[in-house]
Amino acid sequence: QITIAAGKDVVIDLNNNNIIAGAGTGRCALIYGNVSIQDSSADGKGKIIATGTASRRGGLFQVMGSSSLTLYSGELTAAEGSMAADRGGLIVNYGTVNINGGKVTNGRVRGYIATNSETNQPEPRNGVGGNIYVDVYAKLNVSGGEISGRVIIQNANANANKAVLNITGGTFNTNGYKTDVL
């Protein structure tokens, strides 16, 4: 696992290459700073691929507090059969995620416990989950790119700040799943 420290700005240019992220703790990177991902090659087909079964949340990135992850181009995806333990199969967002281009596809989650908004009781959500999990205090901005699969938006507590979802562009392909607000 890579940790991006607070106050650090990191640009990952895939340049038509793939980065394979193994299982282990289940994340390619724990982000406290700011990370931008792009593929500056003519083909623009570089990927960051989650593999194996992660033991923790998020198959690729966990975006913390005041940090950010911005996808300009390239693809965040998961290999067939790989899976995160809970929440976001590819991104767990406690900060800000910006999808300005590129693709977020194929994330899978084994299951998690969520609070039912009607009963205010915890309940298992096995077999669900999505590419991106947006926590109560987090923000997801989509101005371009493609998100294929589920997006989970945590909004469980009426007294808490609400997750923010800003959509001004991009394409959502839910593959028959709905976007959940929990």
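**Exercise 1. Find what share of the contacts between residues at least 6 apart in sequence join residues at least 24 apart.**

Step 1. Fix the term: contact means heavy atoms within 4.5 Å.
Step 2. Take the contacts in the protein chain between residues at least 6 apart in sequence; 78% of these join residues at least 24 apart.
Step 3. Note the source. This is a predicted model, where local features need pLDDT of at least 70, side-chain atom pairs count only at pLDDT 80 or more, and totals for chains, interfaces and linings use all residues. Residues are numbered from 1 along each chain as its sequence is written, and side-chain values use heavy atoms, with hydrogens and water left out.

**Exercise 2. State how many helices and strands the protein chain has.**

Step 1. Helices (H or I, at least four residues) and strands (E, at least two) are DSSP runs, numbered from the N terminus.
Step 2. The count gives zero helices and 21 strands.

**Exercise 3. Work out the strand order of the open sheet that contains β8 and β11, and name its edges.**

Step 1. Two strands pair if DSSP finds at least two bridges between them.
Step 2. β8 (residues 68-71) and β11 (residues 96-99) pair in the parallel sense, over four bridges. Ser-68 has Thr-96 in β11 as its bridge partner.
Step 3. The six strands run in the order β2-β5-β8-β11-β16-β19, with parallel pairing.
Step 4. β2 (9-13) and β19 (164-167) each have a single partner strand, so one side of each is left without a neighbour in the sheet.

**Exercise 4. Do likewise for the open sheet that contains β6 and β9.**

Step 1. β6 (residues 47-50) pairs with β9 (residues 75-78) in the parallel sense over four bridges. Ile-49 has Thr-77 in β9 as its bridge partner.
Step 2. The order of the six strands is β3-β6-β9-β12-β17-β20, and the pairing is parallel.
Step 3. The edges are β3 (18-21) and β20 (171-173); each has a single partner strand, so one side of each lacks a neighbour in the sheet.

**Exercise 5. Is Ile-37 buried or exposed, and what is it in contact with?**

Step 1. Locate Ile-37: it lies in strand β5 (residues 34-38).
Step 2. Buried means under 20% relative accessible area, exposed over 50%, partly exposed in between (1.4 Å probe, protein chains only). Ile-37 has a relative accessible area of 0%, so it is buried.
Step 3. Leaving aside neighbours within four places in sequence, its contacts include Ile-12, Leu-14, Ile-48, Phe-61 and Leu-76.
Step 4. A nonpolar core is a set of buried Ala, Val, Leu, Ile, Met, Phe, Trp, Tyr and Cys residues joined through side-chain atoms within 4.5 Å. The largest has 31 residues, and Ile-37 is among those with the most contacts inside it.
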